[in-house]
Every structure is written in structure tokens, then in C-alpha cells.
Amino acid sequence: MKTYEESIEACKDLNELEKIRLKIFGKKGFFSGEFARLKSLKGEEKKELANSLNSAKDSLTNLLNEKKEKLELEFINSSMQKESVDVSLFNASTSSGALHPVYETMNKIIDYFVGMGFAVEEGPLAEDDFHNFEALNLPKYHPARDMQDTFYFDDGMLLRTHTSPVQVRTMLSQKPPIRMICPGAVFRRDFDLTHTPMFHQVEGLVVEPGNSVSFANLKFILEDFLKYIFGDIKVRFRPSFFPFTEPSAEVDISCIFCKGDGCRVCSHTGWLEVLGCGVVDQNVFKAVGYSDVSGYAFGLGVERFAMLLHQIPDLRSLFEGDLRLLEQFK
Ligand code: PHE
């Protein structure tokens, strides 16, 4: 008994303590031997041994538990000291990440319009025919649907070909006045130097009650926006066609590489096409149940802006994840 107490007392680590516990309480340990011995005894003798064994069992259990707690605490304290991390230590091998140029450009575009009081709206990537086409004055079999090569699912759903369906959803769930942009990914069956099957757009929509919104409002904000993004450039509006706007225009900026003199990037025209826009067609308002309203809309490709801003010649390189390209944007 005494020797067990002493060895518990002297014990210095948890493994050793467990060995001692087994020697005392294990199947072949001290107590199982002693309790087995009880069987051969009788009367007072048996009672005495039983009593003393029980009280010894209690006191050794307590002793073991106390010691275990103490050793565990010591173990935790010493490992905390050993494993502590010096957070003030500078690690020269740590490097910072950076936003992907597409997102950096998208944020810049969003910043401008948020500053002008536009709300940012989002919508689903998988759309139905109504929101992506029908409500935008593109009925079934309309030839203008060929302008956007579409990925279809078997059940008739499709991957949105532009972010305009978000404008439809916003008009269906809100009342004018509306002032919103919808940034996000869009999908088209296209793949070459300047097209990828997935790319990003930011489209905008303004709707006011009455006939107060005109092409002049659209012209003003787009010119201001393009100068904010590209700096000191000239802007021109060219008549164009979109099913959802009338009149429609495409917007060019003077080439930022040759300053309008003509170079390879601008195909020697001096101009770069950057935007589509127009006054919202009344058929679109009809489709969402609006009447007596006027508005304008515009849409742009974020990758094209990023390519121009950073002089990236091949659009596909934006999606290859090559660190040699990405590290230039830190
Ligand atoms: N939705 C058009 C597209 O993706 C862009 C656009 C939006 C043009 C609004 C005009 C007005 O091609």
C-alpha cells in the first residue's frame, strides 16, 4: 500500500501513471488478487480485509485522480509554451493575393454606378425563355435570337445569354422609379481570340414614370462613365439594333492605344466599340405590366473592358489561371 502511494507521488508523466494504475486496478493487479483472496476467508477475518481493501481502494483512486489532473495540467502548460506562435514575427515568404483583373474591372464599373445612385441586382444563371428572350421583345423564332448562340438544357431552360433577364425580374418585382445595374456571368456558344463561352456583363436600367427619360440622359451618363473608366477619350454613338431598345446605339471610344490615329487593336479605324444601349422598347414594358413609363438600358462586357485597360491581347488568357499573368495585377 505504502509503496503504491509513494510511486504515485513520485510519478512524473501520464504514461507512467497509467502503468501504475494498471498495477493496482488492472485485471491482474493488486486489488483483483486481494479480492480473490477474500473468497477463501470467513467471518470477522473476511469482513476486516474487505473493509480495509475498500478504504484503500478509495484513497488510491483519489490519489490517482488528483495526480492525473495535475500531470494533465502540466502537460497542457508545457505544450502551450513549446507550441506558442509569435504573431509579431515577419515571415518573408508570405505573399499577398490580388483580385482577378475581371473582378477588379467589374468592381470599378460597379463603383461608378453605385456612386450615381444605381442599385446592384443579381439573378439566376439558369434562366427560362420568358426572362431571357420573350419579355425582351424576342418572341420564339425571331431572327434576332441568332445574335446570341444559346446553351439549352433538355427541359427547355437555358444559360442566360446576357444579364438582361435580371432587369426583367427587377421590373416584375419592383415599381418605377428603377435605377439598377446587374453584374454577372453570362454564357454563349462562342470561342476565339475575343470570345469565351462564359464571360461577364454589367447591364444597367433606368425607368421613370411618365416620359421624362430620354436618349439625352443615356448619352450623358455613358459619356461620363466612359471617361471615368478610360480617362481622356472621345465618345461616339452609332445607330444600331437591339430587340429590346428603340432607338438603339453602339458606343465607341477613341482608341486608347493610338489616340485615334489607327492601329492594329482598333483595326485602323481609330475607334473601339465598348457598349450597347438604347431607349427601352415599349414592348418590354408591356411584357412586365408597366404603362406610362420611359427608360433607357445599356450593357457591356467586363472582359473587353479589362483587356483594354490592361492591354491583354487574348481574352482566353483571362481564364487560364496562369500565375505569370495574374501576378502582374498585385
Ligand atoms: N443585352 C445586350 C447584350 O447582351 C446588351 C444591351 C443591353 C444592349 C441593354 C442594349 C441595351 O448583347
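## Salt bridges

Arg-37 and Glu-34 pair up in a salt bridge, with 3.0 Å between N and O. In this predicted model, both residues belong to helix H3, which covers residues 30-38. They sit three residues apart, about one turn of the helix. Their surroundings are worth a look too: Arg-37 is partly exposed at 41% relative accessibility, while Glu-34 is buried, with a relative accessible area of 17%.

That pair belongs to a set of twelve salt bridges in the structure. Another one joins the side chains of Glu-273 and Arg-238, at 4.0 Å from N to O. Glu-273 is part of strand E8 and Arg-238 part of strand E6 (residues 235-242), so this contact ties together parts that are 35 residues apart in sequence. Glu-273 is partly exposed at 38% relative accessibility, and Arg-238 is partly exposed as well, with a relative accessible area of 26%. Both residues also take part in a network of salt bridges that links Arg-236, Arg-238, Glu-250, Asp-252 and Glu-273.

Further along the chain, Arg-324 makes a salt bridge with Asp-322, and the closest N and O atoms are 2.8 Å apart. Here Arg-324 is exposed, with a relative accessible area of 66%, whereas Asp-322 is partly exposed at 26%.

## Around the ligand

Which residues are closest to the ligand? They are His-162, Ser-164, Arg-188, Gln-201 and Glu-203, out of 14 residues that surround it.

For anyone setting up a contact list, here are three polar distances. A polar side-chain atom of Ser-164 is 3.0 Å from a nitrogen atom of the ligand. The side chain of Glu-203 places an N or O atom 2.9 Å from a ligand nitrogen. On the oxygen side, Arg-188 has a side-chain N or O atom 2.9 Å from an oxygen atom of the ligand. The ligand on its own has 330 Å² of accessible area, and the protein covers 93% of that.

## Cysteines without disulfides

The structure holds zero disulfides. A disulfide is a covalent bond between the sulfur atoms of two cysteines. Why does Cys-182 have no such partner? The closest cysteine sulfur belongs to Cys-277 and is 15 Å from the sulfur of Cys-182, which is too far for a bond. Cys-182 is buried, at 0% relative accessibility.

Cys-255 is the case to check by eye. Its sulfur is 3.6 Å from the closest cysteine sulfur, that of Cys-258. This pair is still too far apart for a bond, because the sulfur atoms of a disulfide must lie within 2.5 Å. Cys-255 counts as buried too, at 1% relative accessibility.

## Backbone geometry

Most residues other than glycine have a negative phi, and most peptide bonds are trans. Some places here depart from that pattern, beginning with two cis bonds. The peptide bond from Pro-176 to Pro-177 is cis, with omega near 5°. Pro-177 lies in the loop between helix H7 (164-173) and strand E4 (178-187). Glu-246 and Pro-247 are also joined by a cis peptide bond, with omega about 0°. In this case the proline, Pro-247, is found in strand E7 (residues 245-254).

Positive phi values turn up at Asn-137 and Ser-267. For Asn-137, phi is near 65°, and the residue is located in the loop between helix H6 (129-132) and strand E3 (158-159). Ser-267 has a phi of about 50° although it is not a glycine. Ser-267 is in the loop between E7 and strand E8 (271-280), where it is exposed, with a relative accessible area of 52%.

## Surface patch and a distant pair

Phe-75, Ile-76 and Met-80 make up a nonpolar patch on the surface, and together they have about 340 Å² of accessible area. Met-80 belongs to helix H4, residues 43-83. With 54% relative accessibility, Met-80 counts as exposed.

Finally, Val-120 is in strand E1 (residues 119-120) and is partly exposed at 40% relative accessibility. Where does the chain bring Val-120 relative to Gly-204, 84 residues apart along the chain? Their C-alpha atoms are separated by 9.2 Å.

Key. Residues are numbered from 1 along each chain as its sequence is written. This is a predicted model: local features need pLDDT of at least 70, side-chain atom pairs count only at pLDDT 80 or more; totals for chains, interfaces and linings use all residues. Side-chain values use heavy atoms; hydrogens and water are left out. Patches are made of residues with over 30% relative accessible area and no salt bridge: like charges are joined within 9 Å, nonpolar side chains (Val, Leu, Ile, Met, Phe, Trp, Tyr) within 5 Å. Accessible areas come from the Shrake-Rupley method with a 1.4 Å probe; for residues, only the protein chains shown count as cover. Helices (H or I, at least four residues) and strands (E, at least two) are DSSP runs, numbered from the N terminus. Buried means under 20% relative accessible area, exposed over 50%, partly exposed in between (1.4 Å probe, protein chains only). A residue is near a molecule or strand if one of its heavy atoms lies within 4 Å of it. A polar contact is a pair of N or O atoms within 3.5 Å; within protein, one must be able to donate a hydrogen and the other to accept it, and residues adjacent in sequence count only if both atoms are side-chain atoms.
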